[in-house]
Amino acid sequence: MGQVGLVLEGGGMRGVYTGGVLECFLEHGIHIPYVVGVSAGACNAASYVSRQKGRNKRVTIDYVTHPRYVSLGNLFREGSIFGWKLIFDEIPNKLVPFDFDMFYQAPGQLWVGMTDAVTGETLYVEKSETRHRGNILAMIQASSSLPFVSKPVREDGRVLFDGGITAPIPLSKSIADGNSRHIVISTKPEGYRKTPFKHTWLAKGAYGRYPGLVDALARRYRVYNDSLEQAEEMEKQGHVILIRPTSVIEVGRMTKDKPRLEELYELGYRDAQAQLARVRAWLQQDVSHAGEGGTEVISTSEAI
């Protein structure tokens, strides 16, 4: 297992910030072989793993004004405010083709986190488990399916919702898998803390048959804040590089304002540029350690 894990938060349309960060990594040849993401983080991770420069911007910012991308009409047509047929079928298969071959051939792991509505626990699926062409798209859709505004994805008898409910910043997964250093990309600026969920009564009415989901929604703010505080403490200890917006740009989960989304995307790119030296140093350490263990040592430029 690699020593560096790339951890990607969700956040709906705020995920364009992550897209900007990952675009900077791709343009500078930085390919981190362990990635874990939820919701919008998982969406961005797919094009990063398939090494398709510019794709994240095209499928989010360029298509956000499409009448079926985000609209109330989708709730009546598909049962979800996001147009899942457009996003997870027409775009990857026709309009902005996703490179499935490169995705599966690329070395390393991608873990996609989802919430099991029955147990209220996080379910992670690794890309190698999803080799059926449509299955990886279904898993990312599940990881992005917010309660109240999206239907769940049903797979292998499970009822699956947004992974950001139970693992909003999946740092613990990267730790559990043996990584000692972690690059965490958050879509919230410094100082942000999530407030308590105020609609438990509504959740019980809508999802009473899924008590695990209701409980997960109620405790999500604590899980989020605890994960963020853990990342901040590990950053002080030198075990985390925390990349997050260095200025406040008001973008909500369903923002369709293209200029504002482009501004957030470019901020992500610039914030990543500011951290490139640290990221390169970490990855070079991994190359050196591999050489000490008997593996051929390759140059920094070849490694990243």
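The following conversation goes through a predicted model and asks how its descriptions are reached.

Colleague: What should I know about the model before we start?

Modeller: The model is predicted, so local features need pLDDT of at least 70 and side-chain atom pairs count only at pLDDT 80 or more, while totals for chains, interfaces and linings use all residues. Residues are numbered from 1 along each chain as its sequence is written, and side-chain values use heavy atoms, with hydrogens and water left out.

Colleague: Why is helix H7 described as largely enclosed by the rest of the structure?

Modeller: Helices here are DSSP runs of H or I with at least four residues, strands are runs of E with at least two, and both are numbered from the N terminus. A residue is buried under 20% relative accessible area, exposed over 50% and partly exposed in between, with a 1.4 Å probe and protein chains only. In H7, which covers residues 135-143, 9 of the 9 residues are buried, so the helix is largely enclosed; among them are Asn135, Met139 and Ser143.

Colleague: How do you know whether Ser144, in the loop between H7 and strand E5 (153-155), is buried or exposed?

Modeller: The relative accessible area of Ser144 is 8%, and because buried means under 20%, Ser144 is buried. Contact means heavy atoms within 4.5 Å, and, leaving aside neighbours within four places in sequence, Ser144 is in contact with Ser39, Ala40, Cys43, Trp84, Phe88 and Asp162. The C-alpha atoms of Ser144 and Gly10 are 8.2 Å apart, although these residues are 134 residues apart along the chain.

Colleague: What makes Asn74 count as buried?

Modeller: Asn74, in helix H4 (residues 72-77), has 0% relative accessibility, and so it counts as buried. Its side chain reaches the backbone oxygen of Arg68 at 3.1 Å. Beyond the neighbours within four places in sequence, Asn74 is in contact with residues including Arg68, Tyr69 and Phe82.

Colleague: Why is H1 called roughly parallel to H2?

Modeller: Axes are lines fitted to C-alpha atoms, for helices over the stretch in contact, and angles between N-to-C directions run from 0 to 180 degrees. Angles under 35 degrees count as roughly parallel, over 145 as roughly antiparallel, 65 to 115 as roughly perpendicular and the rest as oblique. Helix H1 (residues 16-27) and helix H2 (residues 40-49) pack at about 15°, with their axes 10 Å apart, and that makes H1 roughly parallel to H2. The contact is made by Thr18, Gly19, Leu22, Phe25 and Leu26 of H1 with Asn44, Ala45, Ser47 and Tyr48 of H2.

Colleague: What makes H9 and H10 roughly antiparallel?

Modeller: Helix H9 (residues 200-207) and helix H10 (residues 211-236) pack at about 160°, with their axes 9 Å apart, and because angles over 145 degrees count as roughly antiparallel, the two helices are described in that way. In this pair, Thr200, Ala203, Lys204 and Tyr207 of H9 meet Pro211, Leu213, Val214, Leu217 and Ala218 of H10.

Colleague: How do you know that Val159 counts as buried?

Modeller: Val159, found in strand E6 (residues 158-162), has 6% relative accessibility and therefore counts as buried. Not counting residues up to four places away in sequence, Val159 touches residues including Thr115, Pro152 and Tyr210. Val159 and Ser227, by comparison, are 68 residues apart in sequence and 25 Å apart in space, C-alpha to C-alpha.

Technical notes
A polar contact is a pair of N or O atoms within 3.5 Å; within protein, one must be able to donate a hydrogen and the other to accept it, and residues adjacent in sequence count only if both atoms are side-chain atoms.
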